[in-house]
Structures are given as structure tokens and as C-alpha cells.
Amino acid sequence: MSRGRGKSFHHVSPGSGWKHCIDKTPSNCVYRAKSPAPDVSANSLEAGGSNMKQPESLDALDSVHGNDDLHSLSTPDSKESHLDVNRIQIGETPKKEADDAASFKLKTDFSGKVKVADIQEESSLPSKANAEDQAVSLEKGAKNLEGIGGFRFDICPPKTGTPVMLKPSLLVKNRQKRNEMKLSMEAQIGSELRSGMVLLKSYLSLSDQVKIVKACQGYGLGPGGFYQPSYHGGGRLHLKMMCLGKNWDPETSKYEDIRSADGAKPPNIPTEFYQFVSKAIQDSQVIIKGNSKVRNVEAELPWMSPNICLVNFYSTTGKLGLHQDKDESRESLAKGLPVVSFSIGDSAEFLYGDHRDEDQAQKVKLESGDVLIFGGKSRHIFHGVSTIFRDTTPKTLQEETNILPGRLNLTFRQY
Ligand SMILES: O=C(O)CCC(=O)C(=O)O
Ligand SMILES: [Fe+2]
């Protein structure tokens with residue numbers, strides 16, 4: 001089976017004329033949360049950003065956060081508590097999950113990382129421009145250090161140089177932050193785009209986005225980290241990739257426990273990521289149930305417990321051709337177990353439809369913090385990313401992580 005992500009990526013070009021645009025929020029199902037998602041993950045992934053040790057850290061994670069932890073999140077009890085349609089509120093976390101989150105420590109140490117400076121020149125440009133330059137030099141670096149051995153890709157390079165641009169005043173910065181907070185509180189809206197496909201706008205809080213970025217930075221620099229993937233036949237994907245849980249090999253379109261290219265074991269999916277995913281599925285099920293007269297919400301959007309996460313980083317010129325995600329197990333596909341996708345950083349134009357045809361595809365803008373879920377009847381949709389919109393990363397996220405221009409995307413699946 002082939003995911004076929006390479007087959008059409010040349011066809012997907014920014015600006016090509018789509019016939020059906022749904023850039024606006026669809027009105028067939030709109031749901032507003034009563035309150036923003038609480039920050040359930042304090043002291044956990046954050047700790048990963050500041051206190052990492054490799055490689056013990058990843059080993060420690062393996063032993064501490066094995067499957068048992070994960071199963072505990074999908075027990076009927078915890079699942080039931082989320083499925084209570086009377087409690088229509090996005091963002092509540094069962095006590096057990098909150099306890100799990102509190103006990104979780106990502107013991108990884110960034111200090112051992114290979115510095116991007118190894119493959120780039122120092123620059124005294126402002127940090128933003130610096131990051132743009134770096135994205136280019138990393139592309140060049142990829143040519144020299146191509147493949148897996150020796151290639152390191154830092155999505156949040158250290159800030160270098162003295163900014164020459166005037167920094168915004170504290171007043172302006174605070175206003176920006178307030179607006180972002182207001183936006184993320186107001187914009188928590190869930191929409192059912194089609195049967196089995198739900199878009200949760202601004203679902204991940206900015207602080208959770210920061211934690212996810214920092215965790216991905218750490219994993220990305222460690223064993224099994226980001227690399228430049230190619231398809232069978234040599235075409236390169238227009239993005240950097242790494243996998244958590246299991247490795248997906250674009251050359252064979254198969255999953256493997258060890259990345260065959262370099263023998264690296266993909267890092268485990270951190271417990272907090274599971275919590276975000278399970279909450280997103282539960283909230284989506286509530287939306288579906290509340291919106292239509294669906295009796296069996298499980299049939300429309302089944303539950304799943306992910307053991308795979310593909311992490312993509314798109315530069316501002318990155319894209320991904322229309323494809324289906326169909327390399328998961330036959331059982332998983334037959335049941336329509338959903339793919340859960342997190343978008344962080346610059347916004348993207350996401351295409352989807354029933355055919356591998358961009359002219360017929362619908363499009364939706366995915367912004368930082370959005371979560372998109374497609375399962376059930378939508379599990380086999382063709383989908384892809386046509387455009388990354390520059391300079392759309394939330395300011396606070398950029399300031400707190402120094403994430404490169406571009407977009408981080410995590411897709412969770414159950415094999
Ligand atoms: O970046 C996205 O939004 C989609 C990624 C995707 O489709 C994939 O990794 O299979
Ligand atoms: Fe996909």
C-alpha cells in the first residue's frame with residue numbers, strides 16, 4: 001500500500017484555481033466552548049525544553065511511559081467522562097489524566113544538541129530575518145549532509161546576532177499578547193466539515209503550543225530526529241520529517257519499529273500528546289453528537305489510541321501533495337480510526353476531497369493551534385498542503401520558542 005504522498009506533489013501548486021472554497025467556517029455545525037482549555041500539562045513538556053538529557057532521557061521515557069500509561073487514557077471510564085453530552089465544554093480534563101500529566105517528566109537535555117551553527121554562518125541580522133536565512137542555509141545544508149547520518153535540523157535555533165530593528169514597546173507587545181489570548185479564547189469553535197471530519201479552531205493554547213514545539217525541537221535533534229525524506233525513485237518531500245512511536249518510511253510506504261535508514265528507534269509519544277489527542281477526539285464526538293441526531297457517534301468518529309505520530313516541518317515553501325493516509329493496519333483503516341492533526345506555527349492552506357484532484361478539492365486554512373480530525377467516512381480522503389502563509393506564526397509563540405518560519409504539523413494515528 002502506498003500513502004502516495006509523492007505521487008501528486010508536483011501537481012499541487014500554490015495559487016492554482018480551486019473551485020470549491022470553504023475558507024470560512026462552515027455553518028453546518030458550529031460549537032463554541034464555554035471556557036478555554038486549561039493548561040493540564042504544566043511542569044511536564046515544559047521541563048523537556050529546559051532540562052533535557054540525551055540519550056538517557058529517551059530511554060527513561062521508554063520505560064516510564066510505555067503502553068500501559070497510554071492504555072490508561074483510553075479506559076472506558078476516562079472515555080465515558082468525556083462523552084457526557086450534557087457537559088458541553090471543551091477543555092475539561094478528567095482527574096486521572098491531570099494526575100498523569102503532573103507525574104509526567106520529560107527528562108531530556110537540550111544541552112547535548114548539535115548546534116545549527118555547525119552548518120550555518122553567524123549572522124547579525126534581526127532574529128526573524130536570521131531565521132529565514134537559516135531556513136535557506138539548512139536547505140543547502142541538506143544537500144551536503146543529506147540523508148540521516150550527521151544531519152541535524154533545529155526547528156528553534158538559538159537566537160544569534162544583535163537585532164538592528166527596533167523592538168516593539170512593552171505596551172505594544174502586551175497588546176499583541178492580549179489580542180492573541182482573546183482570539184484563542186473566543187475562537188474555540190468546533191465545526192464538522194463533513195461526516196467524520198472535525199476542525200477544532202484554536203484548540204491548543206499558546207502555552208501548550210510552546211510546549212509541543214519545544215518537545216519536538218528536542219526529539220528532532222535526538223536519535224530518530226528530523227531528516228530530509230525522499231520517496232522511492234528519489235523525489236524529495238518538501239518538508240522535514242521525524243516519527244514518534246513507529247517510523248513511517250516514505251520509500252517503502254511501510255511502518256517499522258526501527259528506522260531502517262539509520263537504526264534509530266523513534267522516540268515514544270509523550271503522555272501529554274496522548275492527552276491532547278484523546279481530549280480532541282472526545283470533544284469532536286461531543287460536537288458531532290450535539291450537532292446532528294447521530295445516535296452512534298462511535299460509528300461516525302471512532303475512538304483511537306495513537307501509537308504513531310508523524311511530525312512534519314514545512315518551511316515557507318513547503319508543501320505536500322494530495323494523498324491518502326492508508327499505510328496503517330487493515331483493521332485500523334477498516335474501522336475508520338481517525339487521523340488527528342495538530343497545526344503549529346505559520347498557517348497553511350489544506351486541501352481535501354474525495355479525489356486526487358486539486359481542482360475538485362475543498363480548502364480550509366489551518367492556523368496555529370488548530371486541530372483537524374478525519375476518521376469514519378472521511379478516513380480515506382485525499383488531502384495535502386498547498387501553501388504555507390509567511391509571517392503568520394503567533395508572535396508569542398515565535399518569541400518564546402524562536403521557531404523557524406514555517407509550519408509544524410503532527411499527525412497521530414493508530415496502527
Ligand atoms: O501537514 C498536514 O496538515 C498534513 C500532513 C499529512 O497529511 C501527513 O503527514 O500525512
Ligand atoms: Fe496525510
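**Exercise 1. Place Asn-174 and find a distant partner in sequence.**

Step 1. Asn-174 lies in helix H7, which covers residues 170-186. The model used here and below is a predicted one.

Step 2. Judge its exposure. Asn-174 has 37% relative accessibility, so it counts as partly exposed.

Step 3. Look across the chain. Thr-396 is 222 residues away from Asn-174 in sequence. In space, the two C-alpha atoms are 9.9 Å apart.

**Exercise 2. Describe the surroundings of Glu-399.**

Step 1. Find its element. Glu-399 belongs to helix H12.

Step 2. Read its accessibility. The value is 29%, so Glu-399 counts as partly exposed.

Step 3. List its contacts, setting aside neighbours within four places in sequence. They are Lys-159, Lys-173 and Lys-177.

Step 4. Add a distance. Glu-399 and Val-210 are separated by 189 residues in sequence, and their C-alpha atoms are 9.8 Å apart.

**Exercise 3. Get an overview of the chain.**

Step 1. Take the elements. The protein chain has 12 helices and 15 strands.

Step 2. Take the burial. The chain has 415 residues, and 57% of them count as buried.

Step 3. Take the contacts with a separation of 6 or more. Residues 24 or more positions apart make up 82% of these.

**Exercise 4. Work out the iron site.**

Step 1. Which residues coordinate the iron ion (ligand 2)? His-323 and His-383 each bind through NE2. Asp-325 binds through OD atoms and appears twice among the donors. The distances run from 2.1 to 2.7 Å.

Step 2. Write the spacing. Along the chain, the donors follow H-x1-D-x57-H.

Step 3. Ask what the site joins. Asp-325 sits in the loop between E9 and helix H11 (330-335), and His-383 sits in strand E14, so the pair ties together parts 58 residues apart in sequence.

Step 4. Judge the geometry. Six donor atoms surround the iron ion (ligand 2). Their angles range from 51 to 174 degrees, which makes the arrangement irregular. For reference, ideal octahedral angles are 90 or 180 degrees.

Step 5. Are Asp-325 and His-383 buried or exposed? The cut-off for buried is under 20% relative accessible area. Asp-325 has 1% relative accessibility, so it counts as buried. His-383 has 5%, so it is buried too.

**Exercise 5. Explore the largest cavity.**

Step 1. Count the cavities. The structure holds four of 30 Å³ or more.

Step 2. Give the volume of the largest. It is about 120 Å³.

Step 3. Name the residues closest to its centre. Of the 16 lining residues, these are Leu-320, Phe-350, His-383, Asn-409 and Thr-411. His-383 is also a donor to the iron ion (ligand 2).

Step 4. Which strands each supply at least two lining residues? They are E8 (308-314), E9 (320-323), E10 (339-345), E14 (382-388) and E15 (407-413). E15 gives the most, with four residues.

Step 5. Sort the lining by type. Six residues are nonpolar, six are polar and four are charged.

**Exercise 6. Trace the contacts of Met-304.**

Step 1. Locate the residue. Met-304 is in the loop between helix H10 (297-300) and E8.

Step 2. Read its accessibility. Its relative accessible area is 1%, so Met-304 is buried.

Step 3. Pick contacts beyond four places in sequence. Among them are Val-277, Ile-281, Leu-337, Pro-338 and Phe-412. Gln-414 is another contact of Met-304.

Step 4. Add the distance. Met-304 and Gln-414 are 110 residues apart along the chain, and 6.4 Å separates their C-alpha atoms.

**Exercise 7. Examine three loop residues.**

Step 1. Start with Ser-202. Its loop runs between strand E4 (197-200) and helix H8 (206-221). Its phi is near 45 degrees, a positive value in a residue other than glycine. Ser-202 has 15% relative accessibility, so it counts as buried.

Step 2. Go on to Asp-391. Its loop lies between E14 and helix H12 (395-401). Asp-391 is not a glycine, yet its phi is positive, at about 55 degrees.

Step 3. Finish with Asp-357. Its loop lies between strand E11 (348-353) and strand E12 (362-366). Asp-357 has 24% relative accessibility, so it counts as partly exposed. Its C-alpha atom is 8.5 Å from that of Phe-382, 25 residues away along the chain.

How values were computed. Residues numbered from 1 in each chain as written. Chains lettered and ligands numbered in written order. Predicted model: local features only at pLDDT ≥ 70, side-chain atom pairs only at ≥ 80, totals over all residues. Heavy atoms only, no water. 1 Å grid on protein atoms, 1.4 Å probe; cavity = no way out; pocket = protein on both sides within 12 Å on 5 of 7 lines; lining within 4 Å. Points joined across faces, edges and corners; volume = space filled by probe spheres on them. Nonpolar A, V, L, I, M, F, W, Y, C, P; charged D, E, K, R; others polar. Donors = N, O, S within 2.8 Å, 3.2 Å for Na, K, Ca; no water. Tetrahedral: all angles 85-135°; square planar, octahedral: opposite > 155°, others 65-115°. Buried < 20%, exposed > 50% of the residue type's maximum accessible area, 1.4 Å probe, protein only. Contact = heavy atoms within 4.5 Å.
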